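Could you look over this model before we talk? I've put my notes below as numbered points.

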Amino acid sequence: VDVAIAPPFTSLAAAADAAKGSPIAVGAQDMHWEREGAFTGEISAGMIHGTGATHVIIGHSERRTLFGETNDRVNKKTHAALTAGLVPIVCIGETLEQRDRNETLAVLDRQIKEGLDRITGEQLAGMILAYEPVWAIGTGRNATPAQAGEAHFHIRQRLKQWFGLDASERCRVLYGGSVK
């Protein structure tokens, strides 16, 4: 079992320092894709790396739904994270309305295809994809093991198809929604 924590940025350096030498990884909750510039309030991949953190969450459902984060932005952030030597934890998942319209697999396809555009198989192999159905975050509804399993199977098949067998087997796929 691997463990990673993602505290707020204000605690990132302290958490990374406290976890140094332990098996616990530390990651940021979000980042900006530009390396530098006038982006008041944004945190760059270099800033995250400078804290000692090794991971970063990208495309979290709250970022997508509350802040309008698009697949294009997810893609920019993923490339920036990889360039800075961070492990991207890319979140994908459907809304309740999309699930009810039986669009789950098409939404996952679009998020993978657009969010991971121009990512190589070798880069993918070191990444983490989190299936995080938006409807299972803080709503009291949870994905059943069968629902999560269906999504994971589909994600693996697409990764194999689009990035190759080795990359698809090495990329970690996890469940990121609420559980009971």
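What follows is a set of short notes on buried residues, helix packing, backbone angles and loops.

1. Ground rules. This is a predicted model, so keep in mind that local features need pLDDT of at least 70, side-chain atom pairs count only at pLDDT 80 or more, and totals for chains, interfaces and linings use all residues. Residues are numbered from 1 along each chain as its sequence is written, and side-chain values use heavy atoms, with hydrogens and water left out.

2. Glu94. I'd start here. Glu94 sits in the loop between β4 (87-92) and α5 (96-100); helices (H or I, at least four residues) and strands (E, at least two) are DSSP runs, numbered from the N terminus. Is Glu94 buried or exposed? Buried, with a relative accessible area of 0%. For the cut-offs, buried means under 20% relative accessible area, exposed over 50%, and partly exposed in between, with a 1.4 Å probe and protein chains only. Leaving out residues up to four places away in sequence, Glu94 touches Arg99, Thr104, Val107, Tyr131, Pro133, Val134 and Trp135, where contact means heavy atoms within 4.5 Å.

3. The Glu94 partner. The side chains of Glu94 and Arg99 make a polar contact at 2.8 Å. That term covers a pair of N or O atoms within 3.5 Å; within protein, one must be able to donate a hydrogen and the other to accept it, and residues adjacent in sequence count only if both atoms are side-chain atoms. Arg99 belongs to helix α5 and counts as buried too, at 15% relative accessibility. Neighbours within four places in sequence aside, Arg99 is in contact with Glu94, Thr104, Tyr131, Trp135 and Gln147. Thr104, Tyr131 and Trp135 thus turn up in the contact lists of both Glu94 and Arg99.

4. Cysteines. How many disulfides does a search of the whole structure find? Zero, taking a disulfide as a pair of cysteine sulfur atoms within 2.5 Å. The sulfur of Cys91 has its closest cysteine sulfur in Cys171, 12 Å away, so the two are too far apart for a bond. Both residues are buried: Cys91 has a relative accessible area of 4%, and Cys171 has one of 1%.

5. α4 against α6. Helix α4 (residues 71-83) packs on helix α6 (residues 104-115) at an angle of about 45°, with the axes 8 Å apart. That makes the pair oblique. Axes here are lines fitted to C-alpha atoms, for helices over the stretch in contact, and angles run from 0 to 180 degrees between N-to-C directions. Angles under 35 degrees count as roughly parallel, over 145 as roughly antiparallel, 65 to 115 as roughly perpendicular and the rest as oblique. The crossing is right-handed; a crossing gets that label if the near helix is turned clockwise from the far one by less than a right angle, and left-handed if anticlockwise. Asn71, Val74, Asn75 and Thr78 on the α4 side meet Arg110, Gln111, Glu114 and Gly115 on the α6 side.

6. α6 against α8. α6 also packs with helix α8 (residues 145-163), at about 40° and with the axes 10 Å apart. These two are therefore oblique to each other as well, and α6 passes α8 in a right-handed crossing. From α6, the residues involved are Leu105, Leu108, Asp109, Ile112 and Lys113. Their partners in α8 include Ala151, Ile155, Leu159, Trp162 and Phe163.

7. Positive phi. Most residues other than glycine have a negative phi. Two loop residues are worth a look on that score. Asn102, in the loop between α5 and α6, has phi near 60° and is exposed at 71% relative accessible area. Arg118, in the loop between α6 and α7 (121-125), has phi near 65° and is exposed at 60%.

8. Two more loop positions. Glu42, between β2 (24-28) and α2 (45-51), is partly exposed at 36%. Glu42 touches His32 and Met47, residues up to four places away not counted; its C-alpha lies 5.8 Å from that of His32, 10 residues apart in sequence. Pro7, in the loop between β1 (3-5) and α1 (12-19), counts as buried at 15%. With the same sequence neighbours left out, Pro7 touches Leu12, Ala15, Val26, Gly27 and Gln29.
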